[in-house]
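Biologist: Could you take me through one part of this protein closely, and tell me how far the prediction can be trusted there? I would like a connected account rather than a list.

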Amino acid sequence: MSEPRPTMPPARGPAIPTSASSGSKTPVAPPLLELTRIRILAFFREPGAVFWVFVFPILMGLALGFAFREKPPEKIAVGVETGALPPPILAAVSRDADLAVREFADEAEARRALTFGKIALLVEPGTPLRYRYDPTRPESRTARLALDHAVQRGAGAPEPMPTRSELVREKGSRYIDFLLPGILGLNLMGTGMWGIGFSVLTSRIKKTLKLLAATPMSKRDYLLSHLLGRSVFLAFEVPFILLFGVLVFKVPIRGSILSLAALCVLGAFTFAGIGLLTTARAQTLESGSGLMNLVMIPMWLLSGSFFSADRFPKAIQPFIQALPLTALNNALRAVMLEGKSLATNAGEMAILAAWGIVTFVVALRIFRWQ
């Protein structure tokens with residue numbers, strides 16, 4: 001007997017994916033659409049991403065909208081030394097709607113206010129009348145025009161009152177001299193928070209922290225290693241910025257180099273502690289970076305890095321002065337531009353130390369390996 005010949009299965013076309021329900025022949029979505037749907041669902045399942053993409057811009061818009069709605073134009077801050085203007089002219093200038101006049105009895109205090117950007121222009125006594133200001137500041141040129149218009153109107157003489165402009169040229173009184181300590185403070189904040197906080201966050205995302213949890217190492221040693229490692233970068237970071245300012249723009253450093261170094265170390269440790277706190281529990285890149293931006297953005301705007309913090313309303317000045325970047329900027333400018341010692345900056349140093357210690361202790365308590 002011959003063996004039975006195997007039969008070949010009938011030829012079939014490519015299988016069509018069908019829906020799992022009711023056995024119907026309905027095709028499923030193409031892979032590209034299905035993957036896109038999965039990405040969209042994953043985004044909305046992340047509360048941090050939803051907050052920063054949709055909620056935070058609305059909150060910022062509402063806050064700024066209420067803060068600046070129907071707000072009159074900001075007055076230009078000018079200083080007048082005692083006796084520089086006759087009483088009738090001083091009264092007329094003080095009534096000007098565009099000017100906020102501040103009278104100074106001490107010449108050194110008046111020039112210090114001009115140096116630190118608290119006033120845009122200073123009126124000094126003399127014949128002719130002297131206007132001292134920095135022409136590199138746009139608000140100073142505007143102040144010069146507005147003040148002179150108010151003075152001439154107040155004088156009421158048929159002939160213009162003689163005046164003379166004294167342009168600020170001496171080192172320490174220019175805008176770049178005011179700006180460089182602010183840039184240094186911003187750099188210490190940015191590298192302290194992003195350099196350390198981002199390192200901890202990426203280690204958690206990559207599951208490296210989970211592996212470290214199995215070792216005898218304690219949380220305290222791990223977090224302190226970040227703080228101590230941060231100090232190594234200071235030896236390269238701070239001199240580079242200072243040398244750039246000194247060599248290129250001739251920015252003076254009138255205080256002790258050791259005092260300046262101590263402030264930089266304290267500021268770096270402070271912002272390192274804040275960076276550790278913001279990422280002590282963050283699980284995703286979106287939430288961690290969002291928290292760090294939430295902490296840093298108010299200080300970028302309020303702490304006097306680019307212009308004097310005194311320009312903000314008096315009602316929020318206690319909050320502004322309590323910010324760590326405000327304290328660091330004030331202390332850096334006092335040492336660099338005025339040659340003050342650490343003892344005269346004890347208040348600012350206390351604020352920095354308090355922020356650093358409290359944030360590190362809280363970060364140590366709430367830190368999680370995974």
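Modeller: What follows is a look at the second largest pocket, with a nonpolar surface patch set beside it. The model is a predicted one, and the protein chain averages a pLDDT of 79, with 82% of the residues scoring at least 70. The second largest pocket has a volume of about 440 Å³. Its lining is made up of 23 residues, of which Phe116, Lys118, Asp310, Asn330 and Glu338 come closest to the centre. Two or more lining residues are supplied by each of strand 2 (99-104), helix 4 (107-115) and helix 12, and helix 12 contributes the most, with five residues. As for confidence, helix 12, which spans residues 324-338, has the highest mean pLDDT among the elements of the protein chain, at 92, whereas the lowest, 63, belongs to helix 2, residues 47-68.

Helix 2 leads us to the patch, a nonpolar area of about 460 Å² on the surface that is formed by Ile40, Phe44, Val53, Phe54 and Val55. Both helix 1 (31-44) and helix 2 provide at least two of the patch residues, with helix 2 giving the largest share, namely three. Isoleucine 40, for its part, is located in helix 1, and this residue counts as partly exposed because its relative accessible area is 45%, a value that falls between the 20% limit for buried and the 50% limit for exposed. When you read the patch, please keep in mind that helix 2 carries the lowest mean pLDDT among the elements of the chain.

Key. Residues are numbered from 1 along each chain as its sequence is written. This is a predicted model: local features need pLDDT of at least 70, side-chain atom pairs count only at pLDDT 80 or more; totals for chains, interfaces and linings use all residues. Side-chain values use heavy atoms; hydrogens and water are left out. pLDDT is the predictor's confidence in each residue, from 0 to 100. Helices (H or I, at least four residues) and strands (E, at least two) are DSSP runs, numbered from the N terminus. Patches are made of residues with over 30% relative accessible area and no salt bridge: like charges are joined within 9 Å, nonpolar side chains (Val, Leu, Ile, Met, Phe, Trp, Tyr) within 5 Å. Accessible areas come from the Shrake-Rupley method with a 1.4 Å probe; for residues, only the protein chains shown count as cover. A salt bridge is a side-chain nitrogen of Lys or Arg within 4 Å of a carboxyl oxygen of Asp or Glu. Buried means under 20% relative accessible area, exposed over 50%, partly exposed in between (1.4 Å probe, protein chains only). On a 1 Å grid over the protein atoms alone, a cavity is a set of points where a 1.4 Å probe fits but cannot get out, and a pocket is an open set with protein on both sides within 12 Å along at least five of seven lines; lining residues have an atom within 4 Å of a point. Grid points are joined across faces, edges and corners, and a volume is the space filled by probe spheres set on the points.
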